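Trainee: Please take a close look at one part of this model and work outward from there. I would like the cut-offs stated as you go.

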Amino acid sequence: MAGVTMWTGREAGLLRKAMRKTGKTFAELVGVNPRQIPRWESRGETIELELDNQAALDTLLAQADPLVQQRFAALLTERAAAEHDERAEELLRNDPHTRRHPVDGKVMTLVEEGIYLSGSDNRSVWLDSFMIDVYPTTNEDYAKFVLATGHQPPQHWPGGSCPVPLATHPVVWVTWHDATAYARWAGKALPTARQWEKAARGPRGRIYPWGNEPTAAKANVAEAGIDATTPVSRYQSGVSPYGVFDMCGNVWEWCSTEERSGSGRFGLKGSAFTSPFERATPSQQNAANATMKDNDTGFRCISVS
């Protein structure tokens, strides 16, 4: 990831969080008094750091483990998506792996071309590069589409309007046809099952997005006991190697892959808040009729341009 143009206390705090360091340890790495770190973070955007601190943070980020860099980019992405934060947008523009889509405004991240390990038997599969939405399509995102096209709103919207408390939750009660119509409007596409799986597992074929340990607390699955959708940015510790959120749990996601030619049944990936954790592995296969809609089914998009 490229160096940051101008660090503020807020970005320094996000880097510390991405590195999972205490304030004292982080201060030692940057070369400042430990009392500086809480001061930076409490003052956030109102404090611009000294040039030597800027250089130290640039170096720390450049030399960080790729997973740390991905977590830092994911935190910036979350802030930009949630707050429409211009500062976060500027930092994301410095990262060649992320961009905001010009039509629906969603932040997307690059999944680079190459081989990845696919399926339960970890077969080596080559895929070309593509961009994928960092978050599932939310009710707020879908509302833009409905307003622009006059498409039928989901059945759970009171009076046909996006419910404010669910704005950042994934949209549900959408058929494969609804998801495809949104993708077409945005100039995107639904991912193939293989594209979705690679974005979830990374090139080395992790069992889960976060690694190989079966940790149900990192996803909104049945064991969580929530019994409803959650905001798409909630499970930060469950992101994939590409910084993609909610690839396990929350909602099933439609894919463009047909189960078999002419069947009218299309792939679903990722499991949902209604699913037991044992069904959450991204390698698992599932499919449903294109006309099916439910309170635990949504989607996200990809772009290959």
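Mentor: Relative accessible area (1.4 Å probe, protein chains only) is called buried under 20%, exposed over 50% and partly exposed in between. R20 has 56% relative accessibility, and therefore counts as exposed. The model is predicted, so local features need pLDDT of at least 70 and side-chain atom pairs pLDDT 80 or more, while totals for chains, interfaces and linings use all residues. Numbering runs from 1 along each chain as its sequence is written, and side-chain values use heavy atoms, without hydrogens or water.

R20 is a convenient place to begin. This arginine sits in the loop that joins α1 to α2 (helices are DSSP runs of H or I with at least four residues, strands E runs of at least two, numbered from the N terminus). R20 and Q63 are separated by 43 residues in the sequence, and their C-alpha atoms are 15 Å apart in space. Helix α4 spans residues 51–63, and both helices beside the R20 loop make contact with α4.

Take α1 with α4. Helix α1 covers residues 9–19, and its axis comes within 12 Å of the α4 axis, crossing at roughly 30 degrees (axes are lines fitted to C-alpha atoms, for helices over the stretch in contact; angles run from 0 to 180 degrees between N-to-C directions). The two helices are therefore roughly parallel (under 35 degrees; over 145 is roughly antiparallel, 65 to 115 roughly perpendicular, the rest oblique). On the α1 side the contact (heavy atoms within 4.5 Å) uses A12, L15 and M19, and on the α4 side L57, L60 and L61. These residues divide into 6 nonpolar, no polar and no charged (Ala, Val, Leu, Ile, Met, Phe, Trp, Tyr, Cys and Pro are nonpolar; Asp, Glu, Lys and Arg charged; the others, Gly among them, polar).

Helix α2, residues 23–30, meets α4 at another angle: about 105 degrees, with 9 Å between the axes. α2 and α4 are therefore roughly perpendicular. F26, L29 and V30 of α2 touch A56, L57 and L60 of α4. Again the contact residues divide into 6 nonpolar, no polar and no charged. L57 and L60 thus appear in the contact with α1 and in the contact with α2.

Further along the chain come the strands. One open sheet has 4 strands in the order β1-β2-β5-β10, with antiparallel pairing (a pair needs at least two DSSP bridges). Its edges are β1 (98–100) and β10 (302–303), each of which pairs on one side only. Inside this sheet, β2 (residues 107–111) and β5 (residues 130–133) are joined by 4 bridges, and M108 has D133 of β5 as its bridge partner.

Strands β3 (residues 114–118) and β4 (residues 123–127) pair in the antiparallel sense over 5 bridges. G114 is bridged to L127 of β4. The hairpin has 4 residues between its strands, and G119 there adopts a positive phi near 75 degrees.

The other open sheet also has 4 strands, ordered β8-β7-β6-β9, but with mixed pairing. β8 (287–289) and β9 (297–298) are at its edges with a single partner strand each, so one side of each has no neighbour in the sheet. The parallel pair is β6 with β9, joined by 2 bridges, where W252 faces T297 of β9. β6 and β7 run antiparallel over 3 bridges, with L268 of β7 as the bridge partner of W254. Between these two strands lie 6 residues of hairpin, in which G262 has a positive phi near 80 degrees. β7 and β8 are antiparallel as well, over 3 bridges, and G267 stands opposite A287 of β8.

Of the 5 residues of β7, 4 are buried, so the rest of the structure largely encloses this strand. Helix α9 (residues 193–201) lies across β6 and β7, at about 135 degrees to β6. Helix α8 (residues 176–186) has 8 of its 11 residues buried, including W176, D178, T180 and Y182. The buried residues of α8 pack against α7 (139–149), β6 (252–258) and β7 (265–269).
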